[in-house]
Amino acid sequence: MSMAVIGVVVAVGAAYGQYQAGQSQKAMTKYNADLAENEAIAQEQATAAETERMRSQKKRQMSAQRAAASKTGAVISEGTPLLVMAEEAGLMELDIMNMQRTGAMQAQASRSEAKLQKYKGKQAARSANIQAGTTLLGGLGKGAAIHKSNHTDAATGKWYIGKNVGKG
């Protein structure tokens, strides 16, 4: 086997290795993106569950406050007791909205990470493909140069094939 053929075979092997490395990187980043997306879903589910738990707890608190105010004989449908209950209800909703906002921001951060991982995977694959193409073309060029140098008559500078040295 000539040196030119060996050079081309080595270049093809190296190019394939670069391509495979890019595909491996792309698969790894897809896995990371899937993990980040699953984390976003889990955060949304946890936020929804926590919202329900918090809302239920706050309703129990408000019921206990109404019951305590009724035992004292206060009229809770007017005046100061009504204002206190309304303020408590407003604060409860603010707490819930803040918790929901925090959960939504965490889920969005995870989704952004998923998008970034997908982008990194595409870029890694693209870069590996370019490197593989460059390696392959470089190897073919070297193989052609070796082939030419082995088939050129040193005296005339003309190419020859086989045993046609000097006949030209």
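Ala36 lies in helix H1 of this predicted model, helices being DSSP runs of H or I with at least four residues, strands runs of E with at least two, both numbered from the N terminus. With a relative accessible area of 7%, Ala36 is buried (buried, under 20% relative accessible area; exposed, over 50%; partly exposed, in between; 1.4 Å probe, protein chains only). Leaving aside neighbours within four places in sequence, Ala36 is in contact with Ser110, Glu113 and Ala114, where contact means heavy atoms within 4.5 Å. Ala36 and Ala114 are separated by 78 residues in sequence, yet their C-alpha atoms are 5.1 Å apart.

Thr47 also lies in helix H1, which spans residues 3-71. Its relative accessible area is 13%, and Thr47 is therefore buried. Not counting residues up to four places away in sequence, Thr47 touches Met99, Gln100 and Gly103.

The chain has 2 helices and 0 strands. Of its 168 residues, 20% count as buried. Among contacts between residues at least 6 apart in sequence, 75% join residues at least 24 apart. About 11500 Å² of the chain is exposed, and carbon and sulfur atoms supply 61% of that area (Shrake-Rupley method, 1.4 Å probe; for residues, only the protein chains shown count as cover).

Two surface patches were computed, one of positive charge and one nonpolar. Patches are made of residues with over 30% relative accessible area and no salt bridge, like charges being joined within 9 Å and nonpolar side chains (Val, Leu, Ile, Met, Phe, Trp, Tyr) within 5 Å. A salt bridge is a side-chain nitrogen of Lys or Arg within 4 Å of a carboxyl oxygen of Asp or Glu. Lys and Arg count as positive and Asp and Glu as negative, without His and the chain ends; the place of a charge is NZ of Lys, CZ of Arg, CG of Asp or CD of Glu.

The positive patch gathers Lys26, Lys115, Lys118, Lys122 and Arg126. Helix H2 (residues 79-150) gives the most to this patch, with 4 residues. Lys115 is placed in helix H2 and counts as exposed at 60% relative accessibility.

The nonpolar patch, of about 340 Å², is made by Val12, Leu136, Leu137 and Leu140. Here too H2 gives the most, with 3 residues. Leu137 is in helix H2 and is exposed, with a relative accessible area of 60%.

Residues are numbered from 1 along each chain as its sequence is written, and side-chain values use heavy atoms, with hydrogens and water left out. Local features need pLDDT of at least 70 and side-chain atom pairs count only at pLDDT 80 or more, whereas totals for chains, interfaces and linings use all residues.
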